[in-house]
Amino acid sequence: MSNQNWTPSSWRSKIATQQPVYPDAEALQNALGRLAKLPPLVTSWEIESLKESIAEAAKGEAFLLQAGDCSESLEDCETDSIVRNLKVLMQMSFVLIFGSKKKVIRMGRIAGQYAKPRSNDTETRDGVTLPVYRGDIVNRSGFTESDRQPDPDLMLRGYERAALTLNFIRGLSAGGFADMHHPENWDLEFASNSLRAQQYHEMVDSITSSLQFMEALLGSSIRESRAVDIFTSHEGLHLSYEQAQTRRVPRREGWYNVGTHFPWIGYRTRDVQGAHAEYFRGISNPVGLKVGSKSDPDELLSLVKFINSKNEPGKVTLIHRFGAKEISQSLPPIIKAVSEAKLNVLWSSDPMHGNTYSTKSGIKTRSFDDIAEELEKAFTVHEAHDTTLGGVHLELTGDNVTECIGGVGQLAEPDLERAYKSAVDPRLNYDQAMELAFMIADHMKSSK
Ligand code: PEP
Ligand code: CO
């Protein structure tokens with residue numbers, strides 16, 4: 001696909017918001033030069049096959065489960081946290097498959113979710129003002145001048161951590177761990193929700209016995225049940241970093257971002273005239289676009305057409321994040337505009353980012369009820385407009401953190417201090433994530 005006047009660096013002639021300012025230009029060039037030579041994390045075959053699956057999801061034949069940390073940290077690149085996040089993704093996907101009888105595309109916000117958009121360039125504490133923390137590939141979260149200085153070597157450290165994470169994910173998902181014959185491998189203890197735990201285990205037993213029945217019937221083992229696909233995604237925010245991962249591959253046209261399967265444009269960088277739109281229009285990866293209450297339908301149409309000028313199926317996923325109070329009035333005009341323009345998109349709901357608020361003591365949180373309400377409304381609004389909600393986009397972890405209130409464990413504001421670990425946005429914990437998966441599955445079951 002030839003995109004006119006596009007190069008991996010053509011975004012540099014546009015206004016690039018949310019970019020770090022590095023103090024040492026030479027050190028930056030060195031790091032980017034080294035980054036561009038490192039081997040790819042993902043391949044064009046995987047990227048193209050994901051795009052096909054997303055096109056299926058847009059037609060209602062599959063469902064996209066995109067979930068993971070708001071912000072990964074280099075320090076948390078640890079065996080346990082990767083395994084737990086993978087387990088929750090696997091378990092949720094089985095709940096969804098069981099409920100919907102559809103293929104589920106598993107996609108982590110993982111192996112590269114290191115750059116964060118921020119509302120302010122600086123942060124002030126006790127009269128001291130420093131540059132804001134922009135994620136672990138840019139600077140450090142500590143509050144000293146040297147912590148907050150953008151360091152180009154962190155991009156290399158991030159890329160290496162992404163590679164380590166992905167290497168482990170690939171090993172686990174290739175067999176053994178992901179084998180449906182042995183669901184105990186990816187079992188996690190339910191902390192408090194015995195009702196759902198029982199429902200989950202009944203479901204797994206039923207899947208395992210169906211598998212055994214099929215194998216007895218066929219007289220051979222179903223090998224595909226031993227491996228699963230897990231795709232990676234992150235916000236394509238830091239454009240120098242993304243440019244360094246943008247390559248040509250043999251025997252294919254076009255350019256691929258080989259640092260992740262699915263990069264997305266965040267809500268704050270959605271300007272069609274801006275550098276992010278320019279970078280994204282030239283890559284062959286399927287991409288996400290966040291859509292929120294300030295997204296104007298006409299501007300969104302221009303952006304989708306600019307990024308997907310050939311209206312290729314599977315290329316664009318619109319991830320809407322309005323908030324429970326706003327979705328019913330703000331989503332319909334967007335759906336109407338996109339449907340009238342006959343644009344091929346997958347609709348996905350992010351019920352997290354429109355529902356964030358701060359408690360009186362200044363802790364960022366979200367209420368499980370608001371999240372569930374936005375998701376319910378997303379299904380209802382799409383049904384009313386004859387479109388399909390074919391995906392969800394969630395911030396969660398397999399750990400029993402206390403970052404969002406409510407849910408089955410009935411977490412309240414005083415609980416937030418107990419196990420609040422996120423450096424940026426509050427995530428659903430394991431119980432809350434499973435509760436939501438059952439809710440989505442019930443919805444898909446009843447809407448068939
Ligand atoms: C995010 O996904 O972490 C994020 C910052 O979202 P948004 O761009 O929708 O605000
Ligand atoms: Co977030």
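Colleague: Which residues of strand β11 (residues 346-349) are buried, and on which side?

Modeller: In this predicted model, Leu 346 and Ser 348 are buried on one side of β11 and Trp 347 and Ser 349 on the other, which leaves both faces of the strand covered; buried is under 20% relative accessible area, exposed over 50% and partly exposed in between, with a 1.4 Å probe and protein chains only. Strands are DSSP runs of E with at least two residues and helices runs of H or I with at least four, numbered from the N terminus. Residues are numbered from 1 along each chain as its sequence is written, and local features need pLDDT of at least 70.

Colleague: Which strands does β11 pair with, and in what sense?

Modeller: Strand β10 (residues 316-320) pairs with β11 in the parallel sense over 4 bridges, and β14 pairs with β11, also parallel, over 3 bridges, where pairing requires that DSSP finds at least two bridges between two strands. Ser 349 of β11 is the bridge partner of His 320, while Ser 348 stands opposite Gly 391 in β14.

Colleague: Changing topic, what about the loop before β14: where does Asp 386 lie, and is it buried or exposed?

Modeller: Asp 386 lies in the loop between α11 (368-384) and β14 (389-395), and this residue is exposed, with a relative accessible area of 74%. Asp 386 has a positive phi of about 65 degrees although it is not a glycine.

Colleague: And Gln 18, buried or exposed?

Modeller: Gln 18, in the segment before α1 (25-37), counts as buried because its relative accessibility is 16%, and its phi is positive, at about 65 degrees, although Gln 18 is not a glycine.

Methods:
Chains lettered and ligands numbered in written order. Predicted model: local features only at pLDDT ≥ 70, side-chain atom pairs only at ≥ 80, totals over all residues. Heavy atoms only, no water.
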